[in-house]
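Colleague: I have just opened this one and don't know my way around yet. Can you walk me through it?

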Amino acid sequence: MTDAIELKHIRKFFFVEEHKHTVLNDCSLSVPADGITVLLGRSGCGKTTLLRLIGKLDTPDAGEILFPVESKTAFVFQESRLMPWLTVWKNIAFGLKKKEIDEKEIADLITLTGLDGFAQALPQQLSGGMQQRCALARALALHPRFLLMDEPFAALDYFTREKMQQVLLNIHKQTSCGILFVTHSIDEALVLGDRIVILQDQHVKKVYSALPKHTTPEEIAAYKIKILNEISMKKGE
């Protein structure tokens with residue numbers, strides 16, 4: 001078995017007012033443990049459903065998901081979901097058992113996520129970006145092999161979002177954590193992704209590789225248009 005999460009012919013449906021609604025159908029995908037895989041697609045295409053299946057928050061109706069031996073996952077959601085009565089330090093340690101808490105490690109995570117000086121702050125004393133950094137530190141404290149991120153920067157302003165993207169790239173360089181990142185933003189996908197997976201028509205439609213480091217602005221614009229056209233294209237076109 002490779003060091004990746006393998007989704008094979010996944011099918012998932014829900015019943016809405018007695019009508020069967022298929023979200024994923026014959027969906028196959030490999031999520032490597034050594035890079036950032038970005039899931040990109042329109043609203044309602046099944047990105048979050050796919051993330052929940054990998055995180056074992058839901059189960060597929062058909063197909064199988066194969067995990068590496070070391071396959072612990074942790075979530076970072078669009079909302080920080082911090083406990084408002086706990087400090088930054090205690091929020092980071094929240095998912096750990098008492099015997100698992102390592103004070104130095106939590107201090108290191110606070111530094112890694114740029115929260116030095118705010119260990120004793122409450123969530124309401126933090127900006128939106130700082131709250132998401134705390135949520136990211138809390139997820140990393142669990143030592144996940146895979147980090148599952150569901151549009152974690154979508155609610156942030158443009159400048160904070162750009163800063164958080166760089167924070168995530170820096171963290172990825174310093175950890176061995178594979179990342180599956182859901183977004184609606186092509187720009188965000190181009191900044192973060194080692195691979196960009198287009199999810200459409202209930203399955204993986206296309207997989208794009210990351211652009212080379214020294215790509216020109218004109219080449220980036222052309223690549224963005226290519227991806228946009230792929231997403232805009234309807235089934236059968």
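Modeller: We can go through confidence, the sheet, the hairpin and then a pair of helices.

Colleague: Fine. What is the average pLDDT of the protein?

Modeller: This is a predicted model, and the protein averages a pLDDT of 91. Of the residues, 97% score at least 70.

Colleague: Where is confidence lowest, and where is it highest?

Modeller: Helix 7, residues 217-232, is lowest with a mean of 88. Helix 2, residues 88-92, is highest at 96.

Colleague: On to the sheet. In what order do the strands of the open sheet come?

Modeller: The order is 5-6-7-3-8-9, so to speak from one edge to the other. That makes six strands in an open sheet, with mixed pairing.

Colleague: Which strands stand at the edges?

Modeller: Strand 5 (73-76) and strand 9 (203-209). Each has a single partner strand, so one side of each is left without a neighbour in the sheet. From one strand to the next, the twist averages 20 degrees.

Colleague: And strand 6 with strand 7, parallel or antiparallel?

Modeller: Parallel: strand 6 (residues 146-150) and strand 7 (residues 178-183) are joined by five bridges. If you want a pair to look at, Met149 has Phe181 in strand 7 as its bridge partner.

Colleague: Different topic. How many bridges join strand 1 to strand 2?

Modeller: Ten, and these two strands run antiparallel. Strand 1 covers residues 4-16 and strand 2 covers residues 19-32. Phe13 stands opposite Thr22 in strand 2.

Colleague: What sits between the strands in that hairpin?

Modeller: Two residues. Glu17 takes a positive phi there, near 50 degrees.

Colleague: Now the helices. At what angle do helix 4 and helix 5 cross?

Modeller: Roughly 20 degrees, with their axes coming within 10 Å. Helix 4 is residues 128-140 and helix 5 is residues 158-174. The two are therefore roughly parallel to each other, and helix 4 passes helix 5 in a right-handed crossing.

Colleague: Which residues meet there?

Modeller: From helix 4, Gly129, Gln132, Arg133, Leu136 and Leu140. They meet Thr160, Lys163, Met164, Val167, Leu168 and Ile171 in helix 5. By class, the contact has six nonpolar, three polar and two charged residues.

Colleague: Last one. Which strands does helix 4 lie across?

Modeller: Strand 5 and strand 6. Helix 4 runs at about 170 degrees to strand 5.

Terms used: Residues numbered from 1 in each chain as written. Predicted model: local features only at pLDDT ≥ 70, side-chain atom pairs only at ≥ 80, totals over all residues. Heavy atoms only, no water. Axes fitted to C-alpha atoms, helices over the stretch in contact; angles between N-to-C directions. Helix = DSSP H or I, 4+ residues; strand = E, 2+ residues; numbered from the N terminus. Parallel < 35°, antiparallel > 145°, perpendicular 65-115°, else oblique. Left-handed = near helix turned anticlockwise from the far one by under 90°. Contact = heavy atoms within 4.5 Å. Nonpolar A, V, L, I, M, F, W, Y, C, P; charged D, E, K, R; others polar. pLDDT = per-residue confidence, 0-100. Pairing = 2+ DSSP bridges.
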